[in-house]
Amino acid sequence: MTQPSLTDVDWSKIPAPSDDGGAAHLTGMTIPSITLRATNDTSVMLSTLEGRTVVFAYPRTGEPGKIGLVDDWDMIPGARGCTPQACSFRDLFAELKSAGAAHVFGLSTQSNEYQTEMASRLHLPFPVLSDEELELTHALKLPTMLVAGLTLIKRLALVIDDARITHVFYPVFPPDRSAGDVLAWLKANPRGD
């Protein structure tokens, strides 16, 4: 089945994910020393970044006109909406920075090459990190789903202060409001330093 529009979605027809407790353990965790490839041709170790970092994770972005991963992708709770989520962070990027986010990253288990095409096509002003080897996913025990034999991160957003997870948004729905929810939290919870 060819991908429908990646950005125009009627969320009332998409099943919302439920809170399965898969992210309950994350608040307060320290980010491990793991290096991830980024779409801006750098390597990023989240554990070494100073200040406030926002990382939004998603299962898998689609490619316009390409065959979907599985025919019932839209009916998997939490699967649909990766492109709208990324675009929401793109559109609110300057405001997120103004509200105290020193760094903003996307994160998925897709390859760096796949992500680089998507980041360019969507004009993302921030890097997207590839956890293709599932190192960070396993180290943090991020919530995942198995689709078509692939381990995908369930949609979430993390606020990280000096390598410690301060806040977790999970589940995230609808995905196109993810950045707005993070922005509201940042404004309500400024760093004290």
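Student: How far is the sulfur of Cys 87 from the closest cysteine sulfur, and in which residue does that sulfur lie?

Tutor: A disulfide is a covalent bond between the sulfur atoms of two cysteines. In this predicted model, the closest cysteine sulfur to that of Cys 87 belongs to Cys 82 and is 11 Å away, which is too far for a bond. The cut-off for a disulfide is a pair of cysteine sulfur atoms within 2.5 Å.

Student: What does the reading give when it starts from Cys 82?

Tutor: For the sulfur of Cys 82, the closest cysteine sulfur is in Cys 87, at 11 Å, again too far for a bond.

Student: How many disulfides does a search of the whole structure find?

Tutor: The search returns 0 disulfides for the whole structure.

Student: Are Cys 82 and Cys 87 buried or exposed?

Tutor: A residue is called buried when its relative accessible area is under 20%. Cys 82 has a relative accessible area of 3%, so it is buried. Cys 87 has 7% relative accessibility and therefore counts as buried.

Student: How should one read Asp 161: is this residue buried or exposed?

Tutor: The cut-off of 20% applies here too. Asp 161 counts as buried because its relative accessibility is 15%. Asp 161 belongs to strand β8, which covers residues 156-161.

Student: With which side chain does the side chain of Asp 161 make a polar contact?

Tutor: A polar contact is read from a pair of N or O atoms within 3.5 Å. The side chain of Asp 161 has such a contact, at 3.1 Å, with the side chain of Arg 191.

Student: Which residues is Asp 161 in contact with, leaving aside its neighbours within four places in sequence?

Tutor: Contact is a matter of heavy atoms within 4.5 Å. With those neighbours set aside, Asp 161 is in contact with Gly 51, Arg 52, Thr 166 and Arg 191.

Student: Turning to the whole fold, how many helices and strands are there, and in what order do the elements run?

Tutor: The protein has 5 helices and 9 strands. Their order from the N terminus is β-β-β-α-α-β-α-β-α-β-β-β-β-α. Among contacts between residues at least 6 apart in sequence, 73% link residues at least 24 apart.

Student: What does the radius of gyration indicate about the protein?

Tutor: The value is set against that of a compact globule with 193 residues, which would be near 16 Å; the protein has 15 Å, so the two agree. The C-alpha trace spans about 50 × 35 × 30 Å along its principal axes.

Student: How much of the protein is buried, and how much area does the protein expose?

Tutor: Of the 193 residues, 52% are buried. The exposed area is about 8,700 Å², and carbon and sulfur atoms supply 51% of it.

Note on methods: Residues numbered from 1 in each chain as written. Predicted model: local features only at pLDDT ≥ 70, side-chain atom pairs only at ≥ 80, totals over all residues. Heavy atoms only, no water. Helix = DSSP H or I, 4+ residues; strand = E, 2+ residues; numbered from the N terminus. Buried < 20%, exposed > 50% of the residue type's maximum accessible area, 1.4 Å probe, protein only. Polar contact = N/O pair within 3.5 Å; in protein donor to acceptor, adjacent residues only side chain to side chain. Rg over C-alpha atoms; globule rule 2.2 N^0.38 Å. Areas by Shrake-Rupley, 256 points an atom, 1.4 Å probe, with all protein chains shown as cover.
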